[in-house]
Amino acid sequence: MNKTRFLLLIILMSLSLVGIILVQLFWINTSYKNNEEQFKYHVQQVIGSVANKLQQQEYFEFYEKFNKLKDSIGKVPRQSDLLEYFYVKRDPKTNEQIIYSNTIVLEDYNLNRSFFDKRSDSVSLKSFVAKRKTEIYNGNVVDNAATFQKAPMPDVTIEKEGNLDILDKAQFEIYFKDIVGLKPIQERVSKEKLHSMLQNELSQYGVNTPFEFGIYSNMLATKVKSENFNYDKNSTYSIPVFPDNEGQSKYQLLLSFPQKNKFLFSSLVGITTLSIIFTLVIIVAYFSALNQLIRQKQISEIKTDFINNMTHEFKTPIATINLALDAIKNPKIIDDKEKVQRYLQMIRDENKRMHAQVENVLRISKLEKRELEISKEPTDVHSIIEDAIEHVNLIVEDRGGIIKDHLNAKRTTILLNDVHFTNVMVNILDNAIKYSPEAPIIDVTTENVKDFILIKVKDHGAGMSKVAQKRIFEKFYREHTGDLHNVKGHGLGLAYVKRIVDDHNGQIFVESEKGKGSTFIIKMPLIN
């Protein structure tokens, strides 16, 4: 996969992930707003129902008291006609005439408002009665009201009388609202009664969350309110109560929900939690896949670099072996035993070199599969260090360099495998030699720190970058040098070193600065 396609894939995956998250947030926000609208509708229904019930209950209580007082009065009410009208119908064929009359009579019971409120003035309460009469005349003509007054007795008379409910009701409501409007609000409704009514109505609509209430008069609090009521624009709902005869109301019923947001979100907790979990799973999977893609790309680059370096390292010894064999075939050389021995030794050395490379690969593979047996015994680590220095000393001297040892540690016995730990020291020293462009100058130091021994191998070579320091112990990793192969190696030596040190319960670090050399530090536990 080329770099452009790789970047395009990452961008598309990232945009998709952001899109999924935004869709989830939009859905949660929309669901919350729908819940809020439904909540508002239910609350408006509740306070509207409570306001109607308050007025109806007050009306019925007043009406019942009014009837009891009216029935207790034994006297006949005074009557006066308010309105009288006639309707006349004449049949020309039979000369029959029908006269319908309707009279509205006002009955005054002389029942004043003082029965309901001693502080109010005396205004009589009245009721209305309708008297209806139908008269039928056969063969007589009635032309007008004057004639009608002198007309003979009708042949048929039908009379009816009854209350005029519409006018009575209208008149009663006017009296009712005028009278109760004079009372203070706390006498019209109690806190306990209002709380009970609101609680019952809210439970019917499924609004099971704490609430506070209050009745305000002209935006001022009255005595009818709950103890913790506070007006909040976002969580308080209101409706007018106890309107007067003009349809105006000076009282407002306010209902507040301190835990409104918690209640609205509670219904979304389950689905929101699942949504968050699934989104987190997608995020984790995304970053895991992205990390794997990046690692695979890096491994691909490292393996390509490894193959190039390994090919270069095998190419030189193979070419040397071929040249040596061709030289031995030469008739002039084959009889010269000294030259033949020299070329044979060269072939043996190059073969050893290739064999060592293969052994390193196999050794790392066995370590990863836990197939490499490492037996340990108490050993003087200074003797291991001196042996490793002896292994590479000829190479250092050949390049005009020097290895200085400063073995200052007093306690030097650790539990180790002498063969593998010798390989560890040789690999580190070999690394210091390879990455020293000039004559290698290497310092090997030991010191005791508590129950540990520190082994430091310092060179004055090329050093390495911060990125390389973090990845130097990874298998196949070598700091990228393009197509240059001036430094031999394949990125397995330090990976092997790391695995062996870890297996000995030790630690290895590197300190380096580009152009100023590197220091490898091995920290090993001592035997008490």
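User: Before we look at helix H5 in this predicted model, what do buried and exposed stand for?

Analyst: They're cut-offs on relative accessible area, computed with a 1.4 Å probe on protein chains only. Anything in between is partly exposed. Buried is under 20%, and exposed is over 50%.

User: Okay, which exposed residues sit on the face of H5 turned away from its buried side?

Analyst: Start with the buried side, made up of Leu 194, Met 197, Leu 198, Glu 201 and Leu 202. Down the axis of H5 those residues fall within an arc of 125°, so they line one face of the helix. The face turned away from them carries Glu 192 and Gln 204.

User: How far apart are the end C-alpha atoms of H5?

Analyst: H5 has 14 residues, 191-204, and at 1.5 Å a residue it should span 20 Å. The model agrees with that, since the end C-alpha atoms are apart by 20 Å.

User: Is Met 219 buried or exposed?

Analyst: Met 219 sits in the loop between strands E5 (212-217) and E6 (220-225). It has a positive phi of about 65° despite not being a glycine. Most residues other than glycine have a negative phi. With a relative accessibility of 65%, over the 50% cut-off, Met 219 counts as exposed.

User: And Phe 242, buried or exposed?

Analyst: Phe 242 isn't a glycine either, yet its phi is positive, about 55°. Its loop runs between strand E7 (236-241) and strand E8 (251-256). The relative accessible area is 6%, under the 20% cut-off, so Phe 242 is buried.

Conventions:
Residues numbered from 1 in each chain as written. Predicted model: local features only at pLDDT ≥ 70, side-chain atom pairs only at ≥ 80, totals over all residues. Heavy atoms only, no water. Helix = DSSP H or I, 4+ residues; strand = E, 2+ residues; numbered from the N terminus. Expected span 1.5 Å × (residues − 1). Arc of directions from axis to C-beta.
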